[in-house]
Amino acid sequence: MFGIILVVTILIVTTFAPLIAPYGPETRVWEEKLEPPSAHHYFGTDNDGGDIFSRVLYGYRLDLSISLTVVILAAGIGTIFGAVAAFLGSKSDELIMRITDVFLAIPSLILAMAIGAVMGRTPVNLAIALTITRWPSYTRLMRGQVLVEKQKLYVDAARASGGGPLRILFKHVLPNSIYPVVVNGTLDLGAVILSVAALSFLGFGVEPGAAELGRMVADGAQFIFTYPWVVTFPGLAILLASLGLNLVGDGLRDILDPRLRR
Amino acid sequence: MLGISVITFALSNIATDPIGAYITDRTPVSVIAEIRKAYHFDDPLPIQYFYYLTSLVRGDWGLSRSMSNEPVTGVIRRLFPASIELAVVAVLFQIVVGIPLGVISATRKDKALDHGSRLLAISGTAIPVFWLGLLMQYFLFYQMKLGGLPYLPSAGRVNEFVLLAHPLKTITGFVLIDSILTSNFPVFLDALAHIAMPAFVLGFAGLGLITRITRSSMLEVLRQDYITLARAKGLPERIVIYKHALRNAINPTITVMGIVFGNTLSGAPLVETVFSWPGLGRWAALAITGDDLPAIMGFVIVAGFIFVLVNLIVDILYSIADPRVRLG
């Protein structure tokens, strides 16, 4: 329940960021730099005199849209490959699964670092790099699901009534095996937000000084001892988003798959 | 392993022009063509891959621009012990704290400590490690120091002054092991204080996962009949839990250790950067902003290799902990 409230709140403030935020993401008031939190600046100001509260709201926009793109793309690609592998079997199955093995042999954040470094440090490339590292887990998940599902009687019934393999796969099997992907996607979204922030912290994606949560932590790191609020609030924002999505994902799993409840 | 080399090859030779590492803006065009020929960059891709593999095996991994053009393999050899030391201490921390915490949570289900461990697990998966590291520096280093209390150092592996007063002979490259071997206790204690915070932060994310897995698998086992029998025989509860139950409940924990270790590797660039830890992770992080591709690829190969190796060890441990697996 707490998770839903958290996620809905974040979604609302993100959607209406321009209405809620007292300042723009790039507004600088040089005379008011590094001020502590006050009624004037709820979260204080950073080294350039930017209002941290406003920048956190706009940071949410950027981070959430990158993460959402990554999860939707990865889940889409992964699901199709997994379904095809399981449904066609034999050679295509073997080939697709060996490819996922290779991708899963390298920790995903490190692989994303390598891909991002080769492609150049822009937000779009960051999203592509994360998508490339994330799809194999969906392929695995979907493959297992479809393998179970295609043994069931209703698939035989559909085939007997003259449905072609593609029609059976997309009309009958996929809708019945998609729910773990939804659960996994929600949990994954929490993890991807952390990855986006972590990679931005390391220097991927946006330029220094941009209103992105991981970048804001990195930019504030040098002031951690003297002006701790510059780091604290953007980090807390990442934590809350990831926490909320994890809680909602866990809740969804309990609802959709009661067997796993303990 | 071969798969990893295909990925790094694809990234460094197909996705980008590999010649970029060898030239500058002022290199004449004719020389570029010569270099291209000398390094076989004009051959078909499968042949290029063959050359790439042989140079990998021979230990020629290119030069690291962010380390003043030192060979990548040399840098790896130099920085490897620091990273492994940090990772091993982090994993030891996860095992020593996580497994007992999981056992206690299972035996006192729904008590305060059980809720505490659930909170730990949730926050572990959601907390940005680099932020946790910075906050810990603020409280355990800065605020403690301000208050005149004993504090943990915030950066580096060992204090320069302690090292000057008690020179350390390098035997293995691992400061903690070397200082014990040479009975150099001032350096040992100082190194221990330095590693405490980064190891805690690096291990924190996996700690909750290990605790929760141990808990749920213990709960499963504690319901079995032979546990009731062992209790009925009048065995002390401590023996029932740690000898009878844990022995049979440990396997899921071992499996999850492999996954957790992957996360720990991923955390290395972040944690080492925050704590100025002179290891491979910080080198890779610096290489990103310095566009030092050979360094990043070297890091990927080493990380992938360690990850595969650890998963092999996990499989072996698995069959030792549960003889039933060996028969299958």
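**Entry 1: chain A overall**

In what order do the elements of chain A run from the N terminus on? I read them as α-α-α-α-α-α-α-α-α-α-α. I noted that this is a predicted model. The tally for chain A is 11 helices and zero strands.

I then looked up the confidence. The mean pLDDT of chain A is 84, and 98% of its residues score at least 70. Among the elements of chain A, helix 3 (residues 52-88) has the highest mean, 90, while helix 2 (residues 17-20) has the lowest, 78.

For the extent of chain A, I found that the C-alpha trace spans about 75 × 40 × 30 Å along its principal axes. Of the 262 residues in chain A, 49% are buried. I also checked the contacts in chain A with a separation of 6 or more: 69% of them join residues 24 or more positions apart.

**Entry 2: helix 5 of chain A**

I compared the span of helix 5 (residues 108-119) of chain A with expectation. At 1.5 Å a residue, its 12 residues should span 16 Å, and the end C-alpha atoms are indeed 16 Å apart, so the two values agree.

How many residues of helix 5 of chain A are buried? I counted 11 of the 12, which leaves this helix mostly covered. The buried residues include S108(A), L109(A), M113(A), G116(A) and V118(A). Just after helix 5 of chain A, I recorded a positive phi of about 110 degrees at G120(A).

**Entry 3: the contact between chains A and B**

I next looked up the contact, to which chain A gives 34 residues and chain B gives 36. On the side of chain B that touches chain A, the elements giving two or more residues are helix 1 (2-14), helix 5 (112-126), helix 6 (129-146), helix 11 (237-274), helix 12 (280-289) and helix 13 (293-321) of chain B. Helix 13 of chain B gives the most, with eight residues. By class, I found 27 nonpolar residues, nine polar and no charged ones on this side of chain B.

**Entry 4: positive phi in chain B**

Most residues other than glycine have a negative phi. I therefore noted two residues of chain B separately.

D110(B), not a glycine, has a positive phi of about 65 degrees. I located D110(B) in the loop between helix 4 (72-107) and helix 5 of chain B. With 9 other C-beta atoms within 10 Å, D110(B) is exposed.

S276(B), also a residue other than glycine, has a positive phi near 45 degrees. Its place is the loop between helix 11 and helix 12 of chain B. Is S276(B) buried or exposed? I found S276(B) exposed, because 12 other C-beta atoms lie within 10 Å and the cut-off for exposed is 12 or fewer.

Notes. Residues numbered from 1 in each chain as written. Chains lettered and ligands numbered in written order. Predicted model: local features only at pLDDT ≥ 70, side-chain atom pairs only at ≥ 80, totals over all residues. pLDDT = per-residue confidence, 0-100. Helix = DSSP H or I, 4+ residues; strand = E, 2+ residues; numbered from the N terminus. Expected span 1.5 Å × (residues − 1). Buried ≥ 20, exposed ≤ 12 C-beta atoms within 10 Å, placed from the backbone. Contact = placed C-beta atoms within 7 Å. Nonpolar A, V, L, I, M, F, W, Y, C, P; charged D, E, K, R; others polar.
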